[in-house]
Amino acid sequence: MFVTLEGIEGSGKTTQIEAIAQFLRSNGNDVVTTREPGATSTGKKIRSILLDPDNISISPLCELMLYGADRAQHISEVILPALKAGKTVLCDRFADATAAYQGFGRGLDTQLINDIYKIVAGKLKPDLTILFDLDPLTGLERTFKALRHGERHQNESRFEQEHLDFHKRVRNGYLAIAHKEKERFFIVDASISKEEIFEKIILEVSKRKDQNKL
Ligand code: TMP
C-alpha cells in the first residue's frame with residue numbers, strides 16, 4: 001500500500017505522518033515513512049540545493065529536473081523495495097507536489113511534467129493521497145513561526161520566500177488535481193485541530209481498508 005500526504009507549507013502533514021504510521025503499525029502493517037525531497041543520501045544533497053534560499057537563480061526547468069532526479073533515486077532505493085517486500089509506504093509529498101508547485105505554481109507545461117513522471121515513476125501511483133487543504137495565509141503564518149522558533153531551518157526556506165500568489169496557485173492546483181482524481185484523493189480541512197484531523201484520516205483509512213481499496 002502506497003499512501004502520500006500532500007499540501008501547502010504549514011498544512012501539518014509532517015505532524016500527522018508518524019501518528020498515522022503508529023496507527024497502521026498497531027493494526028499489523030509493516031510501515032515505512034519517507035519524504036520528498038531528501039529521503040536518500042543523494043536526495044539529501046539535492047534537497048539542500050532545492051530549498052536553499054540563496055539559490056534564487058534556479059530556473060523552473062532546473063527545479064523540475066532536480067525534483068525528478070530526487071524522485072528517481074527515492075523510488076529505486078526506498079519506495080519500490082519496500083512495496084515489493086509487502087510494506088506500507090507513507091510518503092510526505094510525492095509527484096502531486098510537482099504538478100502543484102512546478103505546474104500550477106511555476107507555470108510549467110503539464111505534458112512535460114507528465115512525461116517526466118512516466119520516465120521517473122513508470123506505472124507507480126499512490127493508492128491513496130491525503131490532501132491537507134489550508135488557506136495559504138494560515139499555512140505561511142505557521143511556517144514563519146516555525147522558522148522564528150528554530151523548528152525549521154532558514155536554509156530550507158526558499159519556497160517560503162515566494163509571494164502569497166504563488167502559494168494560492170499551489171493550493172488551487174492541488175484542489176484541481178484532487179477534483180480530477182476523486183477516488184485517489186481524500187481532502188482534509190487542515191484548519192481544524194490536530195486531533196480532529198487525525199481522527200478523520202483514521203476513519204477514512206479504515207473505511208478504505210474495509211472496502212479492500214487499501
Ligand atoms: P518540505 O519537506 O518542508 O515539505 O519542503 C519541501 C518543499 O519542496 C516544499 O516547499 C514543496 C517543494 N516541492 C516542490 O516544489 N515540488 C516537489 O515535487 C516536491 C516533492 C516538493
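## Helices lying across the sheet

In this predicted model, helix H1, made of residues 13-26, lies across strands E1, E2 and E3 and also across strand E4 (128-133), and its direction is at about 170° to that of E3. Helix H7, which spans residues 164-180, lies across E1, E4 and E5, and runs at about 145° to E4.

Lys13 belongs to helix H1, and with a relative accessibility of 6% it counts as buried, since the cut-off for that class is under 20%. Apart from neighbours within four places in sequence, Lys13 is in contact with Leu5, Glu6 and Gly7, with Asp92 and Arg93, and with Phe132.

## The parallel sheet

The sheet is open and has 5 strands, which follow the order E2-E3-E1-E4-E5 and pair in the parallel sense. Strand E2 (31-35) and strand E5 (185-189) stand at its edges, and because each has a single partner strand, one side of each is left without a neighbour in the sheet. On average, and with direction ignored, neighbouring strands are turned by 20° against each other.

Strands of a sheet pair through backbone hydrogen bonds, in either a parallel or an antiparallel manner. Here, strand E1 (residues 2-7) is joined to strand E3 (residues 88-92) by 4 bridges in the parallel sense, and Val3 stands opposite Leu90 of E3. Strands E2 and E3 also run parallel and are joined by 5 bridges, with Cys91 in E3 serving as the bridge partner of Thr34.

## Burial of strand E3

How many of the residues of E3 are buried? The count is 5 of the 5, so strand E3 is largely enclosed by the rest of the structure. Both of its faces are covered, with Thr88, Leu90 and Asp92 buried on one side and Val89 and Cys91 buried on the other. Two of these residues have already appeared above, as Leu90 is the residue opposite Val3 and Asp92 is among the contacts of Lys13.

## The ligand and its surroundings

The ligand is surrounded by 15 residues, of which the closest are Tyr67, Arg93, Thr98, Gln102 and Arg152. In the side chain of Arg93, an N or O atom is 2.6 Å from an oxygen atom of the ligand, and an N or O atom in the side chain of Arg152 is likewise 2.6 Å from a ligand oxygen atom. For Gln102, a polar side-chain atom lies 2.8 Å from a nitrogen atom of the ligand. The ligand on its own has 480 Å² of accessible area, and the protein covers 95% of this.

Arg93 is one of the residues in contact with Lys13 of helix H1.

Methods
Residues numbered from 1 in each chain as written. Predicted model: local features only at pLDDT ≥ 70, side-chain atom pairs only at ≥ 80, totals over all residues. Heavy atoms only, no water. Pairing = 2+ DSSP bridges. Helix = DSSP H or I, 4+ residues; strand = E, 2+ residues; numbered from the N terminus. Axes fitted to C-alpha atoms, helices over the stretch in contact; angles between N-to-C directions. Contact = heavy atoms within 4.5 Å. Near = heavy atom within 4 Å. Polar contact = N/O pair within 3.5 Å; in protein donor to acceptor, adjacent residues only side chain to side chain. Areas by Shrake-Rupley, 256 points an atom, 1.4 Å probe, with all protein chains shown as cover. Buried < 20%, exposed > 50% of the residue type's maximum accessible area, 1.4 Å probe, protein only.
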